[in-house]
Amino acid sequence: MSCIVLSATDARTEGPAPTACRFEVAGSGKVRAINDGRSFILDDGREIRLAAIEVPLPPVSGETGPRAEAGLAARAALESMLAGQTVELRQNGAGADRYGRTMALVYAIRDGARQSVAHEMLARGFARVSAHVGDRACADELLAQERAARRAKLGLWSEPYYVIVAADSGAELAAERGRFTVAEGKVLSVRDSAGTIYMNFGRRWTQALTVTISKRDERAFAAAGVEPRKLENRRVRVRGWVEERNGPRIEAVRPEQIEIAERN
């Protein structure tokens, strides 16, 4: 799949742009160094973290194996796109992450055109859509890029590292503990207790995924077409960080974390 390209004319006019990810311009700069598959440093010293996507992290010292190779591949992909390039930064309210890196959608400026780096990383199969995009229309657009790359087994989707985890497999989920993960399965039950909605993917919550949603967020999920109480017996895909809380758990705080897999 081709990446999204914004022409210089599109960027200057008020007419509709060819992408739903239309955030405010927040500066520009020239790339000095690539840190990993999702962050880089500009000539003025600012460290930028790509918003809206997650990538395999670089290996720690001495680490080998598929995960280490995936981290190196993601870094190489980003370097091929951005090394020495002038970039434009766009934001939708997100400032900096907990490490002080500027969070931004990044556009590489090539031959007068603006090319979305997040779209390109997803389209080439070196990234997954994050749990916090911040805009539903943009999230849907990015998820479509991810699905196309996954179906075509592009980039890392051809490797075991990027396989979608079975939501009813305790062993697979245990291996993903503390990592950003995409899991898929049939919701067996939806219950609520003490202000939290629990979506259970197995009869024993200690051996299958549980997704939690705060009841105060239920209206936002419903408005986005993801009504938690109507997902029972539906096959869904969930993304987020796997935690261990009497069994594997993912906390869903944004509607884009949940896709109804039957539609895809």
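Helix 2, which covers residues 66–82, holds both Glu-79 and Arg-75. The two residues sit four positions apart, or about one turn of the helix. In this predicted model, their side chains meet in a salt bridge, with 3.2 Å from N to O. Neither partner is hidden away: Glu-79 has a relative accessibility of 35% and counts as partly exposed, and Arg-75 is likewise partly exposed, with a relative accessible area of 25%.

This pair belongs to a wider set, as the structure holds 26 salt bridges. A second example joins the side chains of Arg-101 and Asp-97, where N and O are 2.7 Å apart. Here both Arg-101 and Asp-97 are buried, since each falls under the 20% relative accessible area that sets the limit for that class.

A third salt bridge brings together the side chains of Glu-184 and Arg-235, at 2.9 Å from N to O. This pair links distant parts of the chain, with Glu-184 in strand 11 (residues 180–186) and Arg-235 in strand 15 (residues 235–241), 51 residues apart. Glu-184 counts as buried because its relative accessibility is 16%, whereas Arg-235, at 39%, counts as partly exposed. Both residues also take part in a network of salt bridges. Its other members are Glu-146, Arg-147, Arg-150, Arg-237, Arg-239 and Glu-259.

Charges can also be viewed across the whole molecule. The protein carries 40 positive and 35 negative charges, and the mean positions of these two groups lie 3 Å apart.

Turning to the overall fold, the secondary structure of the protein comes to six helices and 18 strands. The radius of gyration is 19 Å, close to the 18 Å that the globule rule gives for 264 residues, so the protein is as compact as a globular protein of that length. Along its principal axes, the C-alpha trace spans about 55 × 50 × 35 Å.

Contacts and surface complete this general view. Among contacts with a separation of 6 or more, 61% are made by residues 24 or more positions apart. Of the 264 residues, 48% count as buried. The accessible surface of the protein comes to about 12500 Å², and carbon and sulfur atoms account for 47% of that area.

Two loop residues are worth a look for their backbone angles. Lys-153 has a positive phi of about 55° although it is not a glycine. This lysine is found in the loop between helix 4 (136–151) and strand 10 (165–166), and Lys-153 counts as exposed because its relative accessibility is 57%. Asn-246 also shows a positive phi of about 55° without being a glycine. The loop that contains Asn-246 runs between strand 16 (243–244) and strand 17 (248–251). With a relative accessible area of 62%, Asn-246 is exposed, as the cut-off for that class is over 50%.

Terms used
Residues are numbered from 1 along each chain as its sequence is written. This is a predicted model: local features need pLDDT of at least 70, side-chain atom pairs count only at pLDDT 80 or more; totals for chains, interfaces and linings use all residues. Side-chain values use heavy atoms; hydrogens and water are left out. The radius of gyration is taken over C-alpha atoms; the globule rule is 2.2 Å times the number of residues to the power 0.38. Buried means under 20% relative accessible area, exposed over 50%, partly exposed in between (1.4 Å probe, protein chains only). Contact means heavy atoms within 4.5 Å. Accessible areas come from the Shrake-Rupley method with a 1.4 Å probe; for residues, only the protein chains shown count as cover. Lys and Arg count as positive and Asp and Glu as negative; His and the chain ends are not counted. The place of a charge is taken as NZ of Lys, CZ of Arg, CG of Asp or CD of Glu. A salt bridge is a side-chain nitrogen of Lys or Arg within 4 Å of a carboxyl oxygen of Asp or Glu.
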